[in-house]
Amino acid sequence: MDLPYLNISQAQALLRSRQISSLELTQAVLDRIHRLDPVLRAWLTVDEKAALEQARRADERLQRGERLTPLTGIPFGVKDSIITQGMRTTCASRLLENYIPPYQSTAVERLLEAGAVLIGKHNLDEFSMGSSTENSAFFPTRNPWDPQRVPGGSSGGSAVAVAAGQCFFALGGDTGGSIRLPAAFCNVVGLKPTYGRVSRYGLIALASSFDTIGPLTRTVEDAALVLQVIAGPDGRDSTALPDPVPDYRAALDRPVKGLRLGLPREYFVSGMEAGVEAALREAIRRFEALGMEVCEVSLPHTPYALAVYYLILFAEASANLARFDGVRFGVAAEEAQTIADLYLQTRQKGFGAEVKRRILLGAFTLSAGYYDAYYLKAQRVRTLLRQDFERAFEECDVLLTPVSPSVAFRLGEKIADPLAMYLSDIYLVAVNPAGVPALALPCGFADGLPVGMQLIGRHGAESLLFQVGHAYQQVTEWHHMYPPL
Amino acid sequence: MPEKGPLLTPELVQHIASLVQIGLSEAEAEAFVPQLNAILEYFNLLQEVDTTQVLPAFLLSGLRNIFRPDQPELGLTRQAFLSNVPQRQGEYVCVPIVLEE
């Protein structure tokens, strides 16, 4: 039995029947971390002692049959942009290198309450700014399918850890593709939930009107189990949706026959690698074989999505990152003689190049004389992007698109050209300004590297995405392909 | 509407950096100029969209503020709040000189 690659419900069944213990599961993933992470470098922090202690407590719960949930005793990791009380949280920035949060994020609190076992924290692009995890201030993370290639980003460490059997699931953050791109590059499942479905309390803010927390898992069913625990209203986040959380698992086995699958024609244009397009076309045939009706739809403002996304992101990020000044927390410049120097030097030394570029552009595009042409214009076109999705969902139930026009690229390939890096997210960024949910899942290989597809639903339609994704995984094996490690 | 061609110069980049309280070396500012201008030029793409009849999205979000009951509850201790302060004396946060003589 290959413990690290069990899916969550299999592992839970073995835990309940006392065939394995949480301690054994936890030790199995820790062994994988010891063996594989010197090369992959998915983890920034691993707290073995705390993990083994939580596993012991989970085993006691299991023994007594008390407060059992589908996640009791299951080891997980968390992107290091999400606050963990008492466990170092760096956001992969020098500025937060020593930060030990005194409070807990809501999503992690709910997982710990459910009895899941926290192993540690995952590498990312600094402050979630990037698409390759090369912008981490500490080290890049490598793709388990080919260590010369990037894992995607910014939740790169989380996708690698799940793909490499170093944890059973991970929490990532998605502001403009940061869960979905690494999921596709590493052959795992990643969900960007509806904006507000999961509380953002304790998520270090990048762009507050786009930011979401979501699961990275090896199966669609596992993603449903994790979302079930972390979703729902929260008195500490006034943008968390008040709607009750549906039973996601109940949706999984509903038949998909007769559902309408929309292919946005603007997403199937030239520029996609041949192997990626072939994998997508094959996936579409699978959905047809499952009885879904395939139709073409239009999202006419797609060519403007990337510009809208980055303009608004820069503006929101430049405001959000003003709080990092070296006074109440963070690594402060030591030689500063005046308060002005303290701010200037702390931020000069603490932030990497991409963070500085984005703050500078945010401040510039918000400044008098440029605000109307850049920021306000982007907010108007954002309205059109949102209307595109509303109209498309009058004609279909779910949209299918590529995740990325290419498979995972090589380390160093795009790092010197920020705009080329931004274009990696061309198929992913439109959903965040619109607020709708999107699921990335494996759909094949090209040149030995994973290819992902993206299913997009209307607001609050996570159940439908799980239903369609799960139906696909019942008739395909891509999600059971594991990297040669 | 922004003019065509490069907008930012090293001097302007330094000025913006001072507004957002980030120290920049001359070399950093020089390196940023072509990168930032390439991104700003890409954004000009939006000018071709007619938005005269379109409201900005932040007026249409449909989100309503959500209030929780105003009940007293225990928050963090002072010790927890101060636990990450880089420079402190007892229960005070230390900063360099704010006002000059």
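The following dialogue examines how helices and strands are arranged in a predicted model.

Biologist: What makes helix H10 of chain A oblique to helix H13 of chain A?

Modeller: The axes of H10(A), residues 305–320, and H13(A), residues 372–395, cross at roughly 130° and come within 9 Å. Angles of 65 to 115 degrees count as roughly perpendicular and those over 145 as roughly antiparallel, and the rest, apart from angles under 35, are oblique. H10(A) is therefore oblique to H13(A). The crossing of H10(A) past H13(A) is left-handed.

Biologist: Which residues of H10(A) and H13(A) meet?

Modeller: From H10(A) come Ala305(A), Ala307(A), Val308(A), Leu311(A), Ile312(A) and Ala315(A), and they meet residues of H13(A), including Tyr374(A), Gln379(A), Arg382(A) and Leu385(A). By class, this contact of H10(A) with H13(A) has 11 nonpolar residues, one polar and one charged.

Biologist: Why are H12(A) and H1(B) called roughly perpendicular?

Modeller: Helix H12 of chain A, residues 353–366, and helix H1 of chain B, residues 10–19, have axes that cross at roughly 95°. The range for roughly perpendicular is 65 to 115 degrees, and H12(A) and H1(B) are therefore given that description. Leu360(A), Ala363(A) and Phe364(A) of H12(A) make the contact with Val13(B), Ile16(B), Ala17(B) and Leu19(B) of H1(B). The classes in the contact of H12(A) with H1(B) are seven nonpolar, no polar and no charged residues.

Biologist: Why, then, are H12(A) and H2(B) oblique to each other?

Modeller: H12(A) packs against helix H2 of chain B, residues 26–43, at about 55°, and their axes are 11 Å apart. Angles under 35 degrees would be roughly parallel, and roughly perpendicular begins at 65. H12(A) and H2(B) are therefore oblique. H12(A) passes H2(B) in a right-handed crossing. Arg357(A), Leu360(A) and Leu361(A) of H12(A) and Phe32(B), Gln35(B), Leu36(B) and Ile39(B) of H2(B) form the contact. The residues of the contact of H12(A) with H2(B) comprise five nonpolar, one polar and one charged.

Biologist: How do you know that strand S5 of chain A pairs with S6(A)?

Modeller: Pairing requires at least two bridges. S5(A), residues 189–192, and S6(A), residues 212–217, are joined by two bridges in the antiparallel sense. In one of them, Val189(A) has Thr217(A) as its partner. S5(A) also pairs with S10(A), residues 438–446, in the antiparallel sense, over three bridges, and Gly190(A) stands opposite Ala440(A) there.

Biologist: What covers the description of the two faces of S5(A)?

Modeller: Val189(A) and Leu191(A) on one side, and Gly190(A) and Lys192(A) on the other, are all buried, and both faces are thus covered.

Conventions:
Residues numbered from 1 in each chain as written. Chains lettered and ligands numbered in written order. Predicted model: local features only at pLDDT ≥ 70, side-chain atom pairs only at ≥ 80, totals over all residues. Axes fitted to C-alpha atoms, helices over the stretch in contact; angles between N-to-C directions. Helix = DSSP H or I, 4+ residues; strand = E, 2+ residues; numbered from the N terminus. Left-handed = near helix turned anticlockwise from the far one by under 90°. Contact = placed C-beta atoms within 7 Å. Nonpolar A, V, L, I, M, F, W, Y, C, P; charged D, E, K, R; others polar. Buried ≥ 20, exposed ≤ 12 C-beta atoms within 10 Å, placed from the backbone.
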